[in-house]
Amino acid sequence: MDSQGKPARQLLEDAWVFKPAATGTGWTGSWEALPPAPKSVSASASPAPVLPGGHIIFWGGVDKEIIRHTDPATHPGLGSRLVYFDAVKNTWVDKGIVRQYKARVTLPSVQWKNEWLYIGGEVRPGIRTNAITSIKAAYDPKQ
C-alpha cells in the first residue's frame, strides 16, 4: 500500500543464491544474500542468460523509472539498461544502456548453440513483439 492506502507495487533489488548441501538421506541447503542489485529487473527474461565466466545477464525489466508510468497510452517503453552479476567476484556490473535494440519484459530466453536468444516479449504495456535478439556466449564483460 502507498501512503494513501492504495495498492502499490514494490520493486525489489535484493538478490539471493541457494546453496544446496547433501545430507545422508537427501538434500538440504540455505539461502544466502547477494549484494543488492543496481536496479530492479522485475519481469526480465527468464531464465536469465548465464555466459562463460559466471556472468548472469539482466537486460530490460521493470525498474523504478518505468514503474512510475502507469498509463499505457503515454508509456515511454522499457529501460534498456544492461546489468550483470559476476558470480565469481560476487559483484554487480552496470554496463549502461543498450540503444540498438528495444528491451522487453515477460519473455523467455533460451540457449541455442553459442548464443542466448531473447524471444518476443512486451516492449510497452500490452504491446508485444515477435523480435528475437541474441547475446553471444563469447561476451567480453571488459568491453
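**A43 and the β2–β3 loop**

I looked up A43 to begin with, and I found its relative accessible area to be 33%, so this residue is partly exposed. The coordinates are those of a predicted model. A43 sits in the loop between β2 and β3. I checked the backbone there: phi of A43 is positive, about 70°, although the residue is not a glycine.

In that loop between β2 (27-33) and β3 I also noted P47. The peptide bond leading from S46 into P47 is cis, and its omega is near 0°.

**T106**

I turned to another residue with a positive phi. T106 has a value of about 50° and is not a glycine either. I placed T106 in the loop between β6 and β7. Is T106 buried or partly exposed? Its relative accessibility is 43%, so I entered T106 as partly exposed.

**Overall layout**

I then stepped back to the whole chain. I counted 1 helix and 11 strands in the secondary structure. Read along the sequence, the order of elements is β-β-β-β-α-β-β-β-β-β-β-β. I took the extent of the C-alpha trace along its principal axes, which is about 55 × 45 × 30 Å.

The protein has 143 residues, and 34% of them count as buried. The exposed surface comes to about 9200 Å², with carbon and sulfur atoms supplying 55% of that area. I also looked at contacts between residues at least 6 apart in sequence: 44% of these join residues at least 24 apart.

For charge, I noted 17 positive and 12 negative side chains. The centres of the two sets are 6 Å apart.

**The β3-β4-β5-β6 sheet**

Next I traced an open sheet of 4 strands, which has the order β3-β4-β5-β6 and antiparallel pairing. Its edge strands are β3 (50-51) and β6 (91-97), each of which pairs on one side only.

I followed the pairing at the β3 edge. How many bridges join β3 to strand β4? I found 2 bridges between β3 and β4 (residues 55-59), in the antiparallel sense. V50 has I56 of β4 as its bridge partner.

**Aromatic rings**

I searched for aromatic pairs and the count came to 4. I also noted a cluster made up of F58, F85 and W92.

**The β7–β8 hairpin**

I moved on to β7 and β8, which form a hairpin with 2 residues between the strands. K113 lies in the turn and has a positive phi of about 55°. The two strands are antiparallel and share 4 bridges. I recorded one facing pair here, S109 opposite Y118 of β8.

W112 belongs to strand β7 (residues 109-112). I checked its exposure and found a relative accessibility of 46%, so W112 counts as partly exposed. I also took a distance from W112 to K136: the C-alpha atoms are 9.8 Å apart, with 24 residues of chain separation.

**β8 with β11**

From β8 I went on to its pairing with β11. Strand β8 (residues 115-119) runs antiparallel to β11, and 5 bridges join the two. I119 stands opposite I132 of β11.

Which side chains of β11 are buried, and which are not? Along β11 (residues 132-136) I found an alternating pattern. T133 and I135 point to one face and are buried. I132, S134 and K136 point to the other face and are not buried. K136, the residue I had used for the distance to W112, is therefore over the 20% limit that defines buried.

**Q10 and K64**

Last, I looked up Q10, in the segment before β1 (16-22). Its relative accessible area is 68%, so I listed Q10 as exposed. How far apart are Q10 and K64, C-alpha to C-alpha? I got 9.2 Å in space for a pair that is 54 residues apart in sequence.

How values were computed
Residues are numbered from 1 along each chain as its sequence is written. This is a predicted model: local features need pLDDT of at least 70, side-chain atom pairs count only at pLDDT 80 or more; totals for chains, interfaces and linings use all residues. Side-chain values use heavy atoms; hydrogens and water are left out. Buried means under 20% relative accessible area, exposed over 50%, partly exposed in between (1.4 Å probe, protein chains only). Two strands pair if DSSP finds at least two bridges between them. Contact means heavy atoms within 4.5 Å. Accessible areas come from the Shrake-Rupley method with a 1.4 Å probe; for residues, only the protein chains shown count as cover. Lys and Arg count as positive and Asp and Glu as negative; His and the chain ends are not counted. The place of a charge is taken as NZ of Lys, CZ of Arg, CG of Asp or CD of Glu. Rings of Phe, Tyr and Trp (its six-membered ring) pair if their centres lie within 6.5 Å; planes under 30 degrees apart count as stacked, over 60 as edge-to-face and the rest as tilted.
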